[in-house]
Structures are given as structure tokens and as C-alpha cells.
Amino acid sequence: MESAIKIEGLTKEYLNKTTGKMVRAVDDLHLEVYRGEIFGFLGPNGAGKTTTIKMLLGLIFPTKGDAWVLGKPIGDVSVKRQIAYLPESPYFYEYLTGRQVLDFYARLFGVPAGERKKKVEALLEMVGLSRDGDKTLRNYSKGMLQRIGIAQALINDPELLFLDEPTSGLDPMARIEIRDLIMRLKQQGKTVFLSSHQLLEVELICDRVSILNRGKLLKAGKLDELLPSGRVEIVAENVDDGVAEKIRALGGQVQRQNGRVVVQQPDDASVNKVVDIIRSANGIIRSLIPQRRTLEELFVSTIEEVEKK
Amino acid sequence: MTAVLAIAYNTVREALSRRVVLLFLFGALVLIVLSPLFSFLSPREELTLLKSLGLGVIQLASMFICIVMGISLIPAEIERRTIYTVLSKPVQRYEFVLGKFLGGILTMLLNILFMGLVFFVVVAWRGTPKQALDLWKGFVMIFFQMSILVSLAIFFSVFLTPFVNFFMSLGVYIIGTLSSVTESLMKGENRTVLQKGIGAVLHYLLPNFGNFNIQNKIIHPETRIINEGVYYIQNIGYAILYIAVLLIIAVIIFDRREV
């Protein structure tokens, strides 16, 4: 698969002015993001996510290592025609109106006047700010600023988008809209590099994710690989203690809840045997649900594991 | 070039929306309009005082606007993080610096034009339109003087904090205005080698703001500047060269700066 972003040994050290010591914000990071995918870039606060994005955009410079964005080495300004960036808590020129600020960003791409006007209107419409386009940004709510941020990121119809907490400050409806928008971008063949704390959202939309902590990459891969199914929950009725003992002997955990039995079977292999045991003793199977580990569980356990060491 | 113009246009819009800039402009306009009232303070001819006061006010207000605006043109973008969305677009860092400078001098041009227009009306009213028309050379020289000051403030702003920059820009402006003093320090007979060295460094390295002060010629039209045309061309050329050098160094530093 063709890579949209390739990172090899990227390291960023800076001097902590308070302690006078060098701090490693990003530590020998190796990563590859493929074209057309939504890539989740996860990590707790201070993990080095924003520092990595800023290095990829040429806003700060790596201490060591190399990276390529759409095949061009970082710092190559020409690639910025094809990429977009939505910073975390974006700040804009608050004395400008929504229309003016989008017009300004369109000018930076050299969009001709007539086309610029159409583009600005279309983007305002897309993010639901057409009616507020003439208000100055100092009168915008946090959610409205986030929407303007998304609009400015789409002004050049980019191939690759760096979105840093795109749903931060948005209400649930707006979050769903942004999520749908990101999915639409993927359908259009665009690549999205998504840094977010909204793990449920990431789980819903990302193809692959990586987890970063204290500048180090802890895990990276497809969600299916990182969150394997295997555990199965069986809910049954009319199961006596003798049957429960037989199930336990197969490695399952059995709990009684409101006259029902809930069986947690650790793997697929023994599920059929458990079902056979229950049915042969005239038990009734009410449900059988494969349990997948959530991204949140994976995230917490990964970070905790490292922090314990 | 489109990016440079877009940044410049935005810079003008921002500068003109800043209260502190408007305050200096408003203060200067009030003083210019009221200047005929001050004629009783001096036994000199009213028009002489009027010209002296008006040009002084325009220069002083322009200087403060220049410094207050210039020291924050780039640092404010970094502090507010608006620079992230600009430099993540296809904008070279030199284009950003150039756009900021261009916006800064356009703001100055508008301010000087506005103050100059009001001053022109006052002088035409108290004197003659011909006397008012003679002021334009003064405005042009103030504009170029202030253009150097904007580039100086931008130059300092890429490696100094706005607070330190304010005093540095102001200090250099004051020393640069006293070019006759630095020249005498450099050439004086009873000076030590060290004094002469310091004088030479200050005289040649710092911008020679003093050469742009032609108020005396405007206030006293009978005074003549030898080779007047050459004098103006030389000084405007000097301003352009000095600005170019300052901006090139500023770009070199800013290119290596993390934002």
C-alpha cells in the first residue's frame, strides 16, 4: 500500500526552561500511514501527539530522524497544497467574520476571487455556519470556532488531513456530523490522521490506530488485530448447579443473575461444547454475544502497563 | 506573491482594529486640529509654530504606532497560535515576514496620510494652500523613516520578547535620530580609540534616522538643502537598502525558529 505519511526514527528533544533539563517529547518514532485510511493517533496528554504533527507540518524541527508526507520530505512547502491542518482548540483572527477568515485562507492558496466566494459559501454551508458567516469570530462559541476550523481545513480540497481533536467542544449532534464528514472524506479517497481523546469515536471510524505515551510508540495496528474477539458471553435459563460445574470445568466463568446464568467463555473453541451441555440438560439459551475488547480498555491497559514499569 | 498580499491585507485590518493604534492616531489628530490654539505659547510666527508642532506630532505618533504595532506583528501570531493555520498552508516563512512588513508599512502609510491630510487642511486654513503643499516632502521622509523602524521592530521581534523589543526599538530610534552626536563621538579630536570605535559602530551600524528629519527645511522654507533631489534619493535608497538587509537577516533567523 502506498504511504501517505512515513516516519523513521523521529525524535524531538527540547530544553525544559524550568528544570534546565532536556526533555524527549518524541522518542524514536517509526510509523506509516497508508493512503485512503483513517489513522487514529492516540495517547494521553503530553504523549507527543501534537509535537509529532507539528514536526510533520514543518512548524518545529526534529532533533533526529526523517519523515515524508505524501512522498515529500517534511519542510517541503509544496506538499502543503495537498494537506490540511486543524489544530487543537484552533485560534483565528477574532476581528474577522467567518466569511472573511475563510476568504483569507483561500487567498493563501491563490484561489481566484470568483471561485473564492463560491468556495467560502459552500464551506460555510457544509459546516452549518451560513447564517453566522457575517459575525466576527469573537462572537463565535467554541463549537462554532471548531466548525470554522474544519471549514478552513477543507478549503484546498486536501488529500491528507491532520485533525487534532476535531470534535473537541462540540455537542453530540455536531460530533456525529463531524464523524460523518470524516467518513465521507475517506470515501472520497482522502487520508485522515486523527489525533483524539474520543476513543469511542476513534473505534467507530478508524482503520488503524497507534498509541503513544511519553513520546514512545507503544502499539500500532488494525483495530481488528488490536481488539481481537474471542471472549463470548452466553446467557441461559434453567441451568442447575451440576451443569454450571461442567461449564466451569471447560474454563468458563459462571454467574447467576436474576434467575439466569451468565457464562463468560474465554475463547471460541469451547462455546459449542457449553451450548451442547446447556441444551442437553433442557436449559434455554437466551443470547450468545461475542465480546470484543474496547479501544478504551486497550488504551487504559496499555498505558497502565507501561506506567507500572 | 498572493500569500504576501493576503497576509499584508490582513495585517492592515488587524492593526487598524487595535485600540492602542487608534488611540495614538486620535490623540495626534486632536493635537493637530487644536494646534492653532497653542500659538499664544510662543512669540514665533503662528505658522512656524503650527508646522513645527504638527510635524512633531505626526512623527511622534507615527513612531509610537510603529513600535507598538511592529513589536507584536509576528509574536502575536505565535502567541495566539494563528500562525499554525497560516504556515500549514503553502506559505513560505519569508512570505510571512514580508507580508507582515508590507502590512506594517501600509498601516503606517494610511496613518501618515490621514494625519497629513488633516494637518494639510489646518496649514491651508491658517496659512496658504501653497504653504500646505510644501509639507508633502516631510510626510514622505517620515514614511521612509518609519518604514525602517517597522523593519527594525520586526527584526528584533524574531528573537526578542515584545517587552525588550519595545525598549530596543525605541532606544535605537533615539540614538539613530542623534546621528550628529554619534558622528561627533566618532570624529571628535579629544576622543579615545574606544570612544571613537563605539561612535563609529553606532553611527554606521544603527539606522541613520536623523537624515530623514527635514522639518527645519519645511518650517523655514528659506533654508536650502544642497543638492536637494540627490539628498532625498540617497536617503530613500539608504532606507530601502537598510530595510532589505534587516528583513533578510530576520527571515534567516525566523526560518530556523520553531513556532
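Okay, let's start with a loop in chain A, the one between strand E7 (160-164) and helix H5 (172-187), because that's where you find Glu165(A). Before I go on, keep in mind that this is a predicted model. Glu165(A) isn't a glycine, and yet its phi is positive, about 50°. Buried or exposed, this glutamate? It's buried: Glu165(A) has 20 other C-beta atoms within 10 Å, and 20 or more is what it takes to count as buried.

There's another residue like that in chain A. Asn238(A) also isn't glycine, and its phi is positive too, near 65°. You'll see Asn238(A) in the loop between strand E11 (229-237) and helix H8 (241-249) of chain A. This asparagine is partly exposed, since there are 13 other C-beta atoms within 10 Å of it.

Now stay in chain A and go to strand E8, residues 191-195, where Val192(A) sits. Val192(A) counts as buried because it has 26 C-beta neighbours inside 10 Å. So what is Val192(A) in contact with, once you leave aside its neighbours within four places in sequence? The answer is Ile38(A), Phe39(A), Leu161(A), Leu163(A), Ile182(A), Leu185(A) and Lys186(A). And here's a nice pair: Val192(A) and Glu37(A) are 155 residues apart in sequence, but C-alpha to C-alpha they're 6.4 Å apart in space.

For the opposite picture, look at Arg256(A), in strand E12, residues 253-257 of chain A. Arg256(A) has 11 C-beta neighbours inside 10 Å, so it counts as exposed. Take Lys117(A), 139 residues away from Arg256(A) along the chain, and the two C-alpha atoms are separated by 65 Å.

On to the cores. The largest nonpolar core has 140 residues, and the ones with the most contacts inside it are Phe162(A), Phe193(A), Cys66(B) and Leu149(B). Which helix gives the largest share of this core? That's helix H8 of chain B, residues 136-157, with 14 residues. There's also a second, separate core of 13 residues, including Ala236(A) and Val261(A). Back to Phe193(A) for a second: beyond its neighbours within four places in sequence, its contacts include Ile5(A), Val33(A), Phe41(A) and Phe162(A).

Let's follow H8(B) a bit. Its axis and that of helix H6 of chain B, residues 93-126, come within 9 Å and cross at roughly 150°. The crossing of H6(B) past H8(B) is right-handed. Among the residues making that contact are Phe101(B), Ile105(B) and Met108(B) from H6(B), with Phe139(B), Phe143(B) and Met146(B) from H8(B). By class, you've got twelve nonpolar, four polar and one charged.

H8(B) also packs with helix H13 of chain B, residues 228-255, at about 10°, axes 9 Å apart. That angle is why H8(B) is called roughly parallel to H13(B). Phe144(B) and Leu152(B) are among the H8(B) residues involved, and Tyr242(B) and Leu246(B) among those from H13(B). This contact has 13 nonpolar residues, three polar and no charged.

Last bit, where the chains meet. We have 21 residues of chain B in contact with 21 residues of chain A. On the chain B side, helix H1 (2-16) and helix H5 (82-87) each supply at least two residues, and H1(B) gives the largest share, six. That side of chain B divides into eight nonpolar, seven polar and six charged residues. Okay, that's me done!

Methods. Residues numbered from 1 in each chain as written. Chains lettered and ligands numbered in written order. Predicted model: local features only at pLDDT ≥ 70, side-chain atom pairs only at ≥ 80, totals over all residues. Contact = placed C-beta atoms within 7 Å. Helix = DSSP H or I, 4+ residues; strand = E, 2+ residues; numbered from the N terminus. Nonpolar A, V, L, I, M, F, W, Y, C, P; charged D, E, K, R; others polar. Buried ≥ 20, exposed ≤ 12 C-beta atoms within 10 Å, placed from the backbone. Core = buried A, V, L, I, M, F, W, Y, C linked by C-beta atoms within 7 Å. Axes fitted to C-alpha atoms, helices over the stretch in contact; angles between N-to-C directions. Left-handed = near helix turned anticlockwise from the far one by under 90°. Parallel < 35°, antiparallel > 145°, perpendicular 65-115°, else oblique.
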